[in-house]
Amino acid sequence: MDNLNVKKRYIQLHPQNATSGGVFSHKNGLPLIKFNIAASQVPLLLDGGALRLTGNFTSRQGAAGTTKLTETQLNFLDGFCGINNCIEMITISSLKLNSVLERITNYYRLIPSIVSGQHSMKDIETKMGIQANQHSTIPTTKNALASYNFFNSNGAITSQGNQKGLSFSSPLYCGIFQSGQDIDLSMTGGLVIEILLRSDVGVIFGTNAAANNATYNLSNLVLTAPVYESMGTEPMGAGVREFNFNSWSSMFQTINSSNSVVAMTPGLSRVASCLVNFVTASDLGNQLFNACRLGPVGEIKQLRWSKNGAMYPLQYRLQTVSEQNNLVAQIDATNSYHIYGVKADILRNYLEGLTTDRYNKVKNSLFAYNSWEGGAVDRPQNAGRDGITPSTCDGIAILYDAYGSGTDFSQSVWSFELNASSYNQLQLSGVLSLTNSIDGTATTAQAATIFFLNKNTVVMSPTGINIQR
């Protein structure tokens with residue numbers, strides 16, 4: 001855009017499908033939020049990294065959904081997710097072409113990995129805590145859930161039924177918005193952003209949340225979109241124009257064996273990295289437990305990444321000494337006083353996969369040897385599931401291509417093989433027989449959520465527009 005006068009401005013958009021009350025939730029039958037960002041007659045670039053969704057997150061309890069939550073009750077949000085906990089799926093489409101550019105299912109499982117793997121405790125407890133009630137320790141989320149505005153913007157007292165919950169202003173962690181490149185709306189013909197909310201059972205969790213039917217709703221929603229507008233005339237020419245962006249794709253599998261192989265054909269031709277996180281399968285859909293938890297599988301012995309059955313991109317297996325370390329702490333044939341889940345090689349590749357760059361470029365992470373939110377000591381398989389015990393930020397990932405065009409899995413079989421202990425019982429803090437293994441039963445089965453980060457290109461030519469994946 002040489003020799004042009006470029007002006008930055010902010011567009012504020014309200015949901016296209018808002019009702020008169022402007023409240024979105026599963027309970028009131030309106031779980032879909034839709035925004036349209038139109039194109040312009042002049043060149044218009046969208047700064048996706050600075051895009052913000054703002055509004056109010058209000059929690060209630062009881063059959064009628066009118067009673068407020070209190071600070072003494074055990075009601076929690078996942079700390080890494082914050083209000084993003086309530087989002088099931090985000091779809092980004094071209095307004096003109098009516099074609100999907102990116103669709104992220106299991107969005108609430110992606111955010112904890114991104115937040116904990118790319119941000120420090122300082123980031124989370126300061127700007128992110130203010131933006132979206134994100135915290136490094138889950139118990140600190142319950143106070144915000146019980147916060148309501150007693151006064152309106154004019155200083156008048158607000159009746160209890162009209163009081164709103166915490167305010168938020170959160171970015172959208174979509175690949176297309178976080179690609180580091182402004183989006184040319186003239187090429188996409190504008191954007192349609194659709195946000196599908198999760199059911200109440202999957203969002204607010206804890207002992208009191210389950211007993212009192214805790215629910216939530218979003219209101220006063222506004223999407224703030226920073227755009228750069230050309231004030232001159234830019235010759236478009238008759239040649240080919242391209243716009244590159246990233247996108248997340250999600251898949252789901254369950255593993256219930258200590259020696260598990262997960263294999264599939266993703267159908268993607270330019271995969272930059274792959275991320276997998278785990279949670280005990282029975283925790284999903286259970287309001288007692290945190291469905292966003294980044295659980296440790298147990299004692300991982302080794303991990304193998306493959307393409308068409310051959311080891312790729314690493315030509316070796318990633319091995320750990322977790323089992324050996326825990327055997328040292330055994331008090332009898334089957335119980336340990338302490339467990340140590342330090343997995344150096346797996347962690348290194350995990351951070352590279354999240355950052356999509358080499359390890360020496362990793363700037364921040366919440367991982368620590370022994371901390372409440374991301375420790376490796378004394379964290380059994382179900383650590384932190386109830387919200388009041390120390391949790392983890394575990395996962396596995398692999399970087400395929402940091403700088404090139406990605407790896408082709410359009411017709412190739414992608415897979416990983418995970419070898420973990422089949423039997424390990426723990427005795428921690430006086431609690432006997434805590435499970436820390438995958439023994440083939442439904443109790444220890446692990447839900448694996450798999451995310452592929454793919455590189456895409458939108459090509460505009462005189463003959464039309466094409467999306468290359």
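**Group meeting: cavities, cores and a few odd backbone spots**

Okay, let's start with the empty space. Searching the whole structure turns up 3 cavities of 30 Å³ or more. Keep in mind that this is a predicted model. The largest cavity comes to about 70 Å³. It has 13 lining residues, and those closest to its centre are D78, F80, I138, S391 and T392. What is that lining made of, in terms of nonpolar, polar and charged residues? It splits into 4 nonpolar, 7 polar and 2 charged.

Now the open space. The largest pocket holds about 860 Å³. Its lining has 33 residues, with Q118, Q178, S179, L354 and T355 nearest the centre. Which elements each supply at least two residues of that lining? They are α1, α2, β13 (241-255), α7 and β24 (446-461). Strand β13 gives the largest share, with 4 residues. By type, the lining of the largest pocket divides into 10 nonpolar, 16 polar and 7 charged.

Since α2 lines the pocket, let's stay with that helix. Helix α2 runs over residues 121-132, and its buried residues are D123, I124, M128, G129 and A132. Why do they end up on the same side of α2? Because they cover an arc of only 155° around the axis. As a reminder, an α-helix has 3.6 residues a turn, so residues three or four places apart point the same way. On the face turned away from the buried side of α2 you'll find the exposed residues K122 and I130. And what covers the buried residues of α2? The cover includes α1 and β9 (166-170). Just after α2 comes N133, and N133 has a positive phi of about 55°.

That brings me to the other backbone spots. N106 has a positive phi too, about 55°, although it is not a glycine. You can find N106 in the loop between β8 (100-105) and α1 (107-118). Is N106 buried or exposed? With a relative accessible area of 14%, N106 is buried, because the cut-off for that is under 20%.

Then there's T356, again not a glycine, with a positive phi of about 50°. T356 sits in the loop between α7 (344-355) and β20 (396-399). Its relative accessible area is 22%, so T356 counts as partly exposed.

One more for the backbone fans: Y312 and P313 are joined by a cis peptide bond, with omega about 0°. If you want to look it up, P313 is in the loop between β17 (310-311) and β18 (318-319).

Last topic, the packing. In soluble globular proteins, nonpolar side chains tend to be buried together. Here the largest nonpolar core has 77 residues, and the members that touch the most others are L46, F57, L172, F177 and I193. Take L46 and ask which residues it touches, leaving out those up to four places away in sequence. The list for L46 is I37, L51, F177, D182, I183, L185, L191, A225, P226 and V227. Another core lies apart from that one, with 27 residues, among them V276, I300, L314 and I346.

That's my tour. If you have the model open, I'd like to hear what you make of the pocket and of that cis bond between Y312 and P313.

Technical notes. Residues numbered from 1 in each chain as written. Predicted model: local features only at pLDDT ≥ 70, side-chain atom pairs only at ≥ 80, totals over all residues. Heavy atoms only, no water. 1 Å grid on protein atoms, 1.4 Å probe; cavity = no way out; pocket = protein on both sides within 12 Å on 5 of 7 lines; lining within 4 Å. Points joined across faces, edges and corners; volume = space filled by probe spheres on them. Nonpolar A, V, L, I, M, F, W, Y, C, P; charged D, E, K, R; others polar. Core = buried A, V, L, I, M, F, W, Y, C linked by side-chain atoms within 4.5 Å. Buried < 20%, exposed > 50% of the residue type's maximum accessible area, 1.4 Å probe, protein only. Contact = heavy atoms within 4.5 Å. Arc of directions from axis to C-beta.
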